[in-house]
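User: I would like to learn how to read a structure like this one, feature by feature. Could you walk me through it?

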Amino acid sequence: MKKRRLVIRTLILVILGAAVAYSLYSNLTKDSKQKVAVGDTAPDFALVDMQGNKHRLSEYRGQGVFLNFWGTWCPPCKKEMPYINNQYLQYKDKGVQVLSVDIQEPELAVNQFAERLGLKFPIMIDTEKEVMNVYGIDLLPATFLVDKNGKVVKYYTGELTENKVKEFMEQIKP
Amino acid sequence: MKDVKCECGHVNPHGTVLCEACGKVLDEQEKNNKELLDMRYEGSARRSQTYNKTIIDKIWNFFSSVKVGIWLIVITLLTSTLGTILPQEMYINLPPDVYYEQEYGWFGKLYYQLGLHDLYGSWWYLLLIAMIGISLVICSLDRVVPLYKALKAQRVTRHEGFLNRQRIFGVTEHPEEKDLAVIKNHLHERRYRVREENGDLLAEKGRFSRWGPYVNHVGLIIFLIGAMLRFIPGFYVNEDLWVKEGETAVVPETGEKYYLKNNQFILQHYDKNKDKTFEKAIEQAGSVVKNYQSNVVLYERVSKNLPGEKPELKKLKEYKIKVNHPLDFNGYSVFQSSFRSELKTMSFVLANKKTGESFGAVNIDLEDPKATYNLGHGYSVKILNYFPDFEFDKNGEPSTKSRLPNNPAFVFSMTTPDKSKPETSFVAIKQTIEPFGENTYKMAFQGIETKNVSGFTVRKDSSLWVIILGGIIFMIGVMQGAYWNHRRIWVQNKNGQVWIAAHTNKNWYGLKREIETVLLDTKLVIPEDQQQKENLEKEGV
């Protein structure tokens, strides 16, 4: 009798406690929740680059993918682009691909930007912001590192230094 | 911790004050007391207060205290008012670390540092609400179970000590046999359920009103569960969606399943010439908006394309979204909530500055400008640089703040047959700079075209029905407890006398009136209100 009461009380308290813990946890993490987290399979997408070639993320299985989201209007994006370009030239034969996705800008602006900085890696425009939505991008620049199995190994927002870019490339080199 | 056996043979749980069956006073302290009985929870054992061994029991006992529950509510109320002193974070349009100090000085800074700028989303506020919820569950469980058991176990014949310490009590010395039958009849007429044992009567009605508070609490708990459901992904959606006229956008949080095309945004004002009745009011207010409307088409994606690929869409329906007339589909509602207009095209003509002669117009789509505009006869214009939201950056270089064409600026290169080298001109709104010396030609501004962008709110609330259900049950509980009373009348033979005692959980006046009608046409003495008598004696009347 006494034992049963203890069991019932424990059970009720555990259920109530779990409900409270869940509410608190989801409320506190709702702002920082990342749509695509480290360890997830990077969501597939297909975009056409400025030269008219189609790039599908899943076709790069077996290679590391340095996936960068940016805009011509964002100063840190402008700063890190040459570093990415340099490292791209170093690592493209070592199995690391750079895919750079501009968020909804006119072709003219993107082309002029790429020309001015002499960018060699494929650049594509997410005209409908679909890829941006799927990846839950908020602040630019944002970089996802995808390994050879298509898994996200790192998510980084903010300006990159050349050393950091190199370190990232090294991290996803197959 | 032994159970207590009463002299009537009923076994009561430890801690019981009044025997569940016969009502004999079991508690030693109470026994010698001559005052009226405390009938709360039928004198049953609130077990939480009698077992206090393990940590589980201690937690349980803490939450089972009504005192604790009331304090929790008071604290929550007081802290809730704190959040209303200054505007909450969601209503300000500056970063909170700047806003509060700038607007309210040291007090604002303190307010922000204490975290009161996001009070209703803070962990400790949620914890307070959660503790009220826990207290509600445990308090109710801890009382409703013993109360139910006690009311179920009660016998007709009651102990003398129970009867004469009821608030309403009276003794008839020489009762007449036939009176009992009359009372019984009257009680039946007043819709009492009458039980009889050895010539003793127990008449009872409205017992279910005792469950009112607990039904009410169940409603509250369902309400809280509904509020909690909002945290589960997919249950609650509240997102903004901006769609330009003529464009199609994916509806957020639908898993890229639904698309919305905005055909047209319509803004209508009241016309003081047409609406004569309101002429004065309209004159006073300037212009009054009559209607905000977006004509939209809802599409469903039928292809299994990847994000970034062009989806294949199937038209579902056309709708005119107006304020308070949202587009509803599959649990989602799309409300008209805002609008803005955006620059769409800018037009210039290439002209000779001196003669004013024009050599053709250039219409620039600000969302997708072309690189070169060929005007024929050897005249052409090339856009060297496009800044949709122009500003000079920190280094004094022209740059763009965002991708939106809020303040477009261009660097044009103008090729004309009479010049060997093209002329360069920087053109922004109300501003022209000729970086390489005086030009012969200019890009003369002609005009702009704008288009509207509708602002929608996409909302889905699957928890709403749970919250409504909770509210309904809550109200049922309130009515159950408020509009019915639990009344009991005992008519019992003791020592050749007839003892009448009565109890109700509220509205004693009504009970006394009812007893008077029940005892009509009998010689039985109408029982007195002992509490009232006591009070009168105290006051010395």
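**Reading the model together**

Analyst: Happy to! Let us begin where the chains meet: 32 residues of chain A are in contact with 31 residues of chain B. Please keep in mind that this is a predicted model.

User: Which elements of chain A each supply at least two residues of the side that touches chain B?

Analyst: There are four entries to look up: helix H1 (2-29), strand E1 (46-48), helix H3 (107-117) and helix H4 (130-135) of chain A. H1(A) gives the largest share of that side, with twelve residues. Sorted by class, the side of chain A that touches chain B holds 16 nonpolar, eight polar and eight charged residues.

User: How is chain A divided into domains?

Analyst: The domain assignment gives domain 1 (1-33) and domain 2 (46-172) in chain A. Between the C-alpha centres of these two domains of chain A lie 44 Å.

User: And which domains does chain B have?

Analyst: Chain B is split into domain 1 (4-151), domain 2 (156-206 + 485-539), domain 3 (236-341 + 455-459) and domain 4 (344-448). For domain 3 and domain 4 of chain B, the C-alpha centres are 35 Å apart.

User: Now to helix packing. What should I look at when two helices pack?

Analyst: The general idea is to describe the pair by the angle between the axes and the distance between them. In chain B, try helix H8 (residues 212-229) and helix H10 (residues 464-483): they pack at an angle of about 165°, and their axes are 7 Å apart. That angle makes H8(B) roughly antiparallel to H10(B), because angles over 145 degrees count as roughly antiparallel.

User: Is the crossing of H8(B) and H10(B) left-handed or right-handed?

Analyst: H8(B) passes H10(B) in a left-handed crossing. As for the residues of this contact between H8(B) and H10(B), 16 are nonpolar, nine are polar and none is charged.

User: How do strands of a sheet pair?

Analyst: They do so through backbone hydrogen bonds, in either a parallel or an antiparallel sense. In chain A, five strands form an open sheet with mixed pairing, in the order E5-E4-E3-E6-E7. At its edges are strand E5 (123-126) and strand E7 (152-157) of chain A, each pairing on one side only. From one strand to the next, the twist averages 20°.

User: In which sense do E3 and E4 of chain A pair?

Analyst: Strand E3 (residues 64-70) and strand E4 (residues 96-103) of chain A pair in the parallel sense, over seven bridges. To find your place in this pairing, look for A:Asn68, which stands opposite A:Ser100 in E4(A).

Definitions and conventions. Residues are numbered from 1 along each chain as its sequence is written. Chains are lettered from A and ligands numbered from 1 in the order in which they are written. This is a predicted model: local features need pLDDT of at least 70, side-chain atom pairs count only at pLDDT 80 or more; totals for chains, interfaces and linings use all residues. Domain bounds come from an automatic or database domain assignment. Two residues are in contact if their C-beta atoms, placed from the backbone, lie within 7 Å. Ala, Val, Leu, Ile, Met, Phe, Trp, Tyr, Cys and Pro count as nonpolar, Asp, Glu, Lys and Arg as charged, and the others, Gly among them, as polar. Axes are lines fitted to C-alpha atoms, for helices over the stretch in contact, and angles run from 0 to 180 degrees between N-to-C directions. Angles under 35 degrees count as roughly parallel, over 145 as roughly antiparallel, 65 to 115 as roughly perpendicular and the rest as oblique. A crossing is left-handed if the near helix is turned anticlockwise from the far one by less than a right angle, and right-handed if clockwise. Two strands pair if DSSP finds at least two bridges between them.
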